[in-house]
Amino acid sequence: MKHTIAILVEDLPGVMARVAGLFTRRGFNIESIAVGHSEIPGISRMTIIVSGDEKVLEQIIKQLNKLIDVIRVRDIPAENIIERELVLVRVHVDSLPIRSEIIQLVEIFKAKVVFVERNTMTIEMSGDEEKVGGFLNLLKPFGIREIVRTGRIAITRSSKNGLKV
Amino acid sequence: MELSGTEIIVECLKQEKIKVIFGIPGAAIMPLYDTFGKYEPLPFKNILTRHEQGAVHAADGYARATGEVGVCVVTSGPGATNLVTGLANAHMDSVPLVAFTGQVPTALVGNDAFQEVDITGITLPITKHNYIARKVGDLASIIKEAFYIARTGRPGPVLIDIPKDIQLAKGNFNYPEKINRKGYNPSYRGHIKQIKSAAMKIMEAKKPVIISGGGVINANAVPELMKIVIKTNIPVVNTFMGLGSFPTNHHLFLGMLGMYGQYTANQLVSNADLIIALGTRFDDRITGNLNQFCPQADIIHIDIDPAEIGKNISIKIPIVGDLKNILQQLNNFIGGKEHNLWLQELQEIRAKDPVSREDNDPLLHSRFIMKALNELFKGEAIIVTDVGQHQMWAAHYTRVNYPRHFISSGGLGAMGFGLPAAIGTKIGCPHKTVICISGDGGFQMNIQELATAIYNRLSIIVILMNNGYLGMVRQLQELFYDKRYVSTLLAGNPDFVKIVEAYGGIGFRVDKQEDFFPTLEKASRKNQFVLIDCHIPAEENIFPLVKPDSSINQMIGVD
Ligand SMILES: Cc1ncc(C[n+]2csc(CCOP(=O)(O)OP(=O)(O)O)c2C)c(N)n1
């Protein structure tokens with residue numbers, strides 16, 4: 001079972017290492033980890049995607065809560081979540097027809113061409129896991145040169161359920 | 001007023017009422033040691049150990065014996081890495097410590113400078129929290145926070161790494177009154193509904209057992225536990241860390257639980273219908289095979305650390321909070337109970353317990369030695385042990401009637417703990433008799449601390465259980481590895497009596513049973529550091545024991 005864990009942490013050096021280290025040390029499997037500033041100065045938000053059963057999840061949350069720099073931790077139920085991931089992908093383009101085929105895909109997926117060379121195009125795309133996966137799958141036959149993904153970030157649908165200090 | 005970083009550190013230690021620090025200087029911490037030299041008078045004792053591991057174990061022993069925070073101060077690089085075992089040890093056993101490490105100047109951090117190590121990185125998983133001070137202005141609040149974190153909630157070690165330039169820099173000294181960390185709020189109260197339902201369960205149970213862990217000692221909840229037991233007549237087992245939380249000479253004391261636990265304790269826990277687990281983390285050495293751990297019992301678990309609840313076994317009624325507090329409240333909701341049938345079952349099981357059997361073995365063996373200690377010191381001495389068979393013999397046979405009177409490395413099982421921990425204990429409790437029970441293997445892991453003990457005139461009695469082997473491992477080889485004694489014979493052992501004498505202490509050697517008690521009496525009158533080198537049978541075993549992965553009621557060596 002996949003879980004999305006939202007965490008508020010103090011913005012201090014080494015916090016990422018503390019959080020990530022806890023996962024490895026305790027044998028929890030991180031699928032994705034993303035971190036950035038929050039709306040509050042000095043506090044960052046992390047989104048961590050992990051897989052494990054309910055028991056594992058409970059331990060993860062309790063252990064995260066023990067970290068001094070961690071302010072709040074919450075498992076966000078799937079139905080309550082808006083998830084996004086940003087991907088930059090460079091794809092091989094060797095002819096004009098292919099170029100226009102790719103541009104069509106970009107339009108359908110509301111992606112964006114951010115750089116063009118003679119033989120490649122670099123595309124920016126964001127969406128939930130399914131959309132990103134689908135897009136990359138369609139690009140695959142053209143020859144993908146490079147993929148860079150941010151990892152997933154998530155926010156609750158309703159402000160009522162948001163994770164606050 | 002402007003102070004240097006090192007003066008700020010001393011002022012903070014003064015505010016925290018620290019009475020003693022243990023450590024060894026080096027280039028990166030010299031400004032701090034130099035400041036110690038300038039203070040007239042220095043507000044705490046400064047003990048030079050002979051190894052940093054000695055310093056951290058001594059601080060640990062001091063903390064366990066007194067309940068105060070232990071402090072050690074060492075240099076960067078090798079000084080800092082020598083703390084690792086001691087920090088892990090304190091972390092596993094929830095001992096409050098603050099360790100100061102020197103660090104190379106800020107400008108060199110990250111450059112692989114001379115004696116630089118990333119000690120905060122290294123100790124991340126073995127401290128409750130750690131810091132690197134990057135500004136002199138942060139020092140006071142870091143130190144305040146470190147002591148607060150070390151001693152509150154579930155106690156543990158905290159490390160503060162201080163670059164040399166930060167020690168030398170000048171800043172304002174302002175000791176903060178309050179800590180404000182949004183992410184650190186240990187809960188003390190305990191959920192009242194849960195406490196009530198626990199009380200109900202306790203009143204309904206036919207075969208209840210209390211498992212009393214180290215948390216009971218940490219929370220100073222020993223009197224509250226006793227009150228409940230007197231009211232309800234529920235028998236008590238101690239975990240290894242819980243030794244001292246309930247007097248071993250009480251008629252409702254069943255013994256220690258677990259792999260090297262006692263038969264009675266393991267049987268009763270296995271037959272119980274209700275387990276009341278207090279301040280214990282259900283370590284695998286306690287539970288044996290998890291699937292067969294007290295199969296008929298519901299479990300009430302009370303602990304300050306929510307992460308321990310449900311970590312290893314599933315809990316019927318969890319209560320998170322301070323044990324003293326919660327036991328007090330629990331007491332209000334429970335009434336008197338007799339439990340005659342259950343206590344009768346206890347007597348029947350106890351009759352089969354090899355630990356309680358008399359023996360007429362004429363050799364100078366472990367049980368005899370431990371019982372002689374009981375006879376002379378009447379359970380009033382503080383017992384500090386190293387790690388091995390002797391540790392388990394001490395746990396089984398010595399009388400421990402008070403909290404903080406059995407000091408031993410539980411979770412980590414770190415050989416070399418005994419002697420330095422006894423040093424810390426004696427410094428913390430100068431008016432108590434301190435007995436260090438050690439093995440010939442473990443004693444040699446921090447034997448250099450003889451100098452620390454003897455130079456500081458610490459009257460510790462070391463009972464060296466000399467079997468010429470790494471006994472505990474040899475026993476496992478005997479039982480489970482076809483007696484291939486690979487690397488367990490301690491060939492080349494020194495003459496321990498001469499070693500102690502060379503350091504200026506007193507040594508006796510005892511080979512025969514009849515010589516032990518008179519020697520012990522003599523040692524106790526000396527008021528000096530004395531080592532009694534006891535030559536015990538080389539292949540004496542610790543029994544009974546639970547085979548790895550077995551259920552704890554299946555013990556080897558009962559009959
Ligand atoms: C630092 C460390 N190294 C190794 C071990 C593994 N170990 C556990 S008990 C033991 C033997 C202890 O021998 P000794 O100190 O002579 O005590 P005895 O068991 O003979 O009483 C060993 C090697 C350990 N616990 N700690």
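Student: In which loop of chain A is A:K110 placed?

Tutor: A:K110 sits in the loop between α3 (96–108) and β6 (112–116) of chain A. Keep in mind throughout that this is a predicted model.

Student: What is phi of A:K110 near?

Tutor: Phi of A:K110 is near 50 degrees, which is a positive value in a residue other than glycine.

Student: Is A:K110 buried or exposed?

Tutor: The cut-offs come before the case: under 20% relative accessible area is buried, and over 50% is exposed. A:K110 has a relative accessible area of 73%, so the residue is exposed.

Student: And how does B:R404 read, by phi and by place?

Tutor: B:R404 is not a glycine either, yet its phi is positive, at about 60 degrees. The residue lies in a loop of chain B, the one between α17 and β16 (406–407). The relative accessibility of B:R404 is 16%, so B:R404 counts as buried.

Student: Next, peptide bonds. Which bond leading into B:P41 or B:P544 is cis?

Tutor: Read omega for each bond. From B:E40 to B:P41 the peptide bond is cis, with omega near -10 degrees. From B:F543 to B:P544 the bond is cis as well, with omega near -5 degrees.

Student: Where are the two prolines, B:P41 and B:P544?

Tutor: B:P41 belongs to the loop between α2 (30–38) and β3 (45–48) of chain B. B:P544 is in the loop between β20 (530–535) and β21 (545–546) of chain B.

Student: How do I read the layout of chain A, starting with how many helices and strands there are?

Tutor: Count the elements, then take their order. Chain A has 4 helices and 9 strands. Along the sequence they follow the pattern β-α-β-β-α-β-β-α-β-β-α-β-β. The C-alpha atoms fill a box of roughly 55 × 35 × 30 Å along the principal axes. Of the 165 residues of chain A, 42% count as buried.

Student: What about a single residue in that chain, A:R18?

Tutor: A:R18 is in helix α1 of chain A. Its relative accessible area is 11%, so A:R18 is buried. A separation along the chain can also be set beside one in space: A:R18 and A:K160 are 142 residues apart along the chain, and their C-alpha atoms are separated by 29 Å.

Student: Which residue of chain B can I read in that way, with B:I202 as its partner?

Tutor: Take B:L274 and B:I202, which are 72 residues apart along the chain and have C-alpha atoms separated by 7.5 Å. B:L274 is in strand β12 (residues 274–278) of chain B. With a relative accessible area of 2%, B:L274 is buried.

Student: Can burial be read for a whole helix too? How many residues of α12 in chain B are buried?

Tutor: Yes, by counting its residues. Helix α12 of chain B, residues 263–271, has 8 of its 9 residues buried and is mostly covered. Among the buried residues are B:Y263, B:N266, B:L268 and B:V269.

Student: Now the ligand. Which residues come nearest to it?

Tutor: There are 17 residues around the ligand, and those that come nearest are B:Q389, B:H390, B:G413, B:G442 and B:G471. By class, the shell has 7 nonpolar, 9 polar and 1 charged residues. Three helices of chain B, α17 (389–397), α19 (440–443) and α21 (471–480), each supply at least two residues of the shell.

Student: Which polar backbone atoms does the ligand approach through oxygen?

Tutor: An oxygen atom of the ligand is 2.9 Å from a polar backbone atom of B:G471. For B:M472, the distance from a ligand oxygen to a polar backbone atom is 2.9 Å. The protein covers 77% of the 580 Å² of accessible area that the ligand has on its own.

Student: What does the side chain of B:R474 contact?

Tutor: The side chain of B:R474 makes a polar contact of 3.0 Å with that of B:Y485. B:R474 is in helix α21 of chain B. At 0% relative accessible area, B:R474 is buried.

Student: Last, how much space lies in the second largest pocket, and what lines it?

Tutor: About 1,100 Å³ of space lies in that pocket. Its lining has 43 residues, and A:R26, A:Q63, A:K66, B:R154 and B:D305 lie nearest the centre. By class there are 17 nonpolar, 13 polar and 13 charged residues in the lining. Helix α2 of chain A gives the most to the lining, with 4 residues.

Conventions
Residues are numbered from 1 along each chain as its sequence is written. Chains are lettered from A and ligands numbered from 1 in the order in which they are written. This is a predicted model: local features need pLDDT of at least 70, side-chain atom pairs count only at pLDDT 80 or more; totals for chains, interfaces and linings use all residues. Side-chain values use heavy atoms; hydrogens and water are left out. A residue is near a molecule or strand if one of its heavy atoms lies within 4 Å of it. A polar contact is a pair of N or O atoms within 3.5 Å; within protein, one must be able to donate a hydrogen and the other to accept it, and residues adjacent in sequence count only if both atoms are side-chain atoms. Accessible areas come from the Shrake-Rupley method with a 1.4 Å probe; for residues, only the protein chains shown count as cover. Ala, Val, Leu, Ile, Met, Phe, Trp, Tyr, Cys and Pro count as nonpolar, Asp, Glu, Lys and Arg as charged, and the others, Gly among them, as polar. On a 1 Å grid over the protein atoms alone, a cavity is a set of points where a 1.4 Å probe fits but cannot get out, and a pocket is an open set with protein on both sides within 12 Å along at least five of seven lines; lining residues have an atom within 4 Å of a point. Grid points are joined across faces, edges and corners, and a volume is the space filled by probe spheres set on the points. Buried means under 20% relative accessible area, exposed over 50%, partly exposed in between (1.4 Å probe, protein chains only).
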